[in-house]
Amino acid sequence: LILQANAGRTLWVAVFTAWLLRLRGLRAAIVYRQASLASPWLRDRRVVTTIQDFFLNRCQAIASIAQACADDLRSMHPGLHPSIVIIPNIVPLVSANVKPWHERQQVLLMVGAFTPEKNHALALQAIGPMLAENSDLHLVLLGDGSSRSRFESVVASYPWASKVAFMGNVSADNVAKHMRDARALVLCSSIEGQPGVIVEAMGSGLP
């Protein structure tokens, strides 16, 4: 088993979870995902830094989004044992393929799994009246998840249902194509860190 831990107390929970699994005869590797600088959070907090030292050294690996973040983590935890792997959270720019806004299709694009934190309910509540009033406007939803069928049923009950397309999971190339053609990206998440979809949209010139 692999347990991914993010910032804050999720790391502590992951370590305790691995310990409980070991009691049941299961082995779990913990990978800590570092998505920001550690020093602003830990500076002058010696007790918290010491506790974090303990838990970080129970990880098997650390994945950092940038060398600067990895160096910062090392400076705060000089006795860190796990290896740090840099996995950049970037998307290549495609400025040569960027369409002007007025040449794009009248499509609002939402990219994300059908999970509670992505808040598709809020998106439909906000965009529904726009679809009802604008005959040319459409909504395209990329992604899949356990609640997708429920949202499909909800949308089917509205008079503008034919203007909403549930595309499911698509390839990265297809996501890029949708981003090049759409008029605007919709993000209604109730919680996010650094949304990869925002970075991808910026790379595609998508507002």
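I began with the cysteines and found that the structure holds 0 disulfides, a disulfide being a pair of cysteine sulfur atoms within 2.5 Å. Cys-59 is in no disulfide, and the nearest cysteine sulfur, that of Cys-69, lies 16 Å away. I noted that what I am reading is a predicted model, in which local features need pLDDT of at least 70 and side-chain atom pairs count only at pLDDT 80 or more, while totals for chains, interfaces and linings use all residues. Residues are numbered from 1 along each chain as its sequence is written, and side-chain values use heavy atoms, with hydrogens and water left out.

Next I looked up how covered the cysteines are, taking buried as under 20% relative accessible area, exposed as over 50% and partly exposed as in between (1.4 Å probe, protein chains only). Cys-59 is buried, with a relative accessible area of 6%, and Cys-188 also counts as buried, at 16% relative accessibility.

Cys-69 led me to helix α4 (residues 67-76), where Cys-69, Ala-70, Asp-72, Leu-73 and Met-76 are buried. They cover an arc of only 160° around the axis, which puts them on the same side of α4; the arc is that of the directions from the helix axis to the C-beta atoms. I recalled that an α-helix has 3.6 residues a turn, so residues three or four places apart point the same way. The cover over the buried residues of α4 includes β2 (29-34), α2 (39-42), α3 (46-56), β3 (61-64) and β4 (83-86). Helices (H or I, at least four residues) and strands (E, at least two) are DSSP runs, numbered from the N terminus.

I then turned to the surface, where Phe-16, Trp-19, Leu-20 and Leu-23 form a nonpolar patch with about 460 Å² of accessible area together. For such a patch, residues need over 30% relative accessible area and no salt bridge, and nonpolar side chains (Val, Leu, Ile, Met, Phe, Trp, Tyr) are joined within 5 Å, like charges within 9 Å. Leu-23 sits in helix α1 (residues 9-23) and is exposed, with a relative accessible area of 58%.

Last I checked backbone angles, bearing in mind that most residues other than glycine have a negative phi. Asp-44, although not a glycine, has a positive phi of about 65°; Asp-44 lies in the loop between α2 and α3 and is exposed, at 77% relative accessible area. Asn-119, also not a glycine, has a positive phi of about 60°. I found Asn-119 in the loop between β5 (107-111) and α5 (120-133), partly exposed, with a relative accessible area of 22%.

Terms used
Accessible areas come from the Shrake-Rupley method with a 1.4 Å probe; for residues, only the protein chains shown count as cover. A salt bridge is a side-chain nitrogen of Lys or Arg within 4 Å of a carboxyl oxygen of Asp or Glu. Contact means heavy atoms within 4.5 Å.
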